[in-house]
Amino acid sequence: MAKLDPNSSALSFAAAVTAMSLGTGKRLMRNYNYYTESSPDGATRSDCLDICRQFRANVFALQNLYLDTEKHQHGNSSFKVMLAKQIQDNLEELHRKVLFFDVDQIVQVVSLIDHLRAFWTPCTEPEFYHDQLPSLIDRHVCSTFSELEHHLQNLPESSYS
């Protein structure tokens with residue numbers, strides 16, 4: 001079997017393709033389960049907070065990709081795009097989950113999720129991944145996310161009627 005040079009861009013590309021394939025597979029599985037479920041009858045606060053932990057981990061991973069300036073200059077953009085897409089997926093899934101709760105309980109939550117989704121919408125454009133992105137995330141995402149998490153912790157344990 002052929003061995004890839006560890007410094008080769010092909011190795012980075014192969015790793016990125018694998019990661020994107022896994023992300024796509026996860027998204028397809030989630031969507032399949034969501035749409036084939038005969039009676040989606042609720043969500044829990046714990047479900048929502050688990051999604052928040054995934055969101056936080058993905059944002060942290062994206063910011064870490066900017067720390068290594070040598071690799072930042074030479075690539076890893078496919079990993080950045082993949083992580084941003086995962087972040088968008090986290091927000092979409094969270095939005096779906098909170099809609100099971102009473103309207104009065106989620107008005108602020110939905111507004112905060114919409115704000116975060118608006119920030120991540122241009123992540124499919126190359127201009128989104130500029131050198132100032134980590135500081136923009138610190139300024140615009142972290143405080144909104146903390147507020148969102150606070151509101152989610154105040155939701156009832158379950159949305160089940």
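In this predicted model, the axes of helix 2 (residues 45-65) and helix 6 (residues 133-153) come within 11 Å and cross at roughly 170°. Helix 2 is therefore roughly antiparallel to helix 6 (angles over 145 degrees, on a scale from 0 to 180 between N-to-C directions). Axes are lines fitted to C-alpha atoms over the stretch in contact. Helices are DSSP runs (H or I, at least four residues), numbered from the N terminus. Among the contacting residues (heavy atoms within 4.5 Å) are L49, F55 and V59 of helix 2 and I137, V141 and F145 of helix 6. The contact comprises twelve nonpolar, two polar and four charged residues. Asp, Glu, Lys and Arg count as charged; Ala, Val, Leu, Ile, Met, Phe, Trp, Tyr, Cys and Pro count as nonpolar; the others, Gly among them, are polar.

Residues are numbered from 1 along each chain as its sequence is written. Local features need pLDDT of at least 70, side-chain atom pairs count only at pLDDT 80 or more, and totals for chains, interfaces and linings use all residues, while side-chain values use heavy atoms, without hydrogens and water.

Helix 6 also packs against helix 5 (residues 103-120), at an angle of about 160° and with the axes 9 Å apart. This pair, too, is roughly antiparallel. Helix 5 contributes residues including L112, L116 and W120, and helix 6 residues including L136, H140 and L148. By class, 13 are nonpolar, five polar and one charged.

T44 sits in the loop between helix 1 (9-36) and helix 2. T44 is buried (under 20% relative accessible area, 1.4 Å probe, protein chains only), at 15% relative accessibility. A polar atom of the T44 side chain lies 3.0 Å from the backbone nitrogen of D47.

Conventions. Helices (H or I, at least four residues) and strands (E, at least two) are DSSP runs, numbered from the N terminus. Angles under 35 degrees count as roughly parallel, over 145 as roughly antiparallel, 65 to 115 as roughly perpendicular and the rest as oblique. Buried means under 20% relative accessible area, exposed over 50%, partly exposed in between (1.4 Å probe, protein chains only). A polar contact is a pair of N or O atoms within 3.5 Å; within protein, one must be able to donate a hydrogen and the other to accept it, and residues adjacent in sequence count only if both atoms are side-chain atoms.
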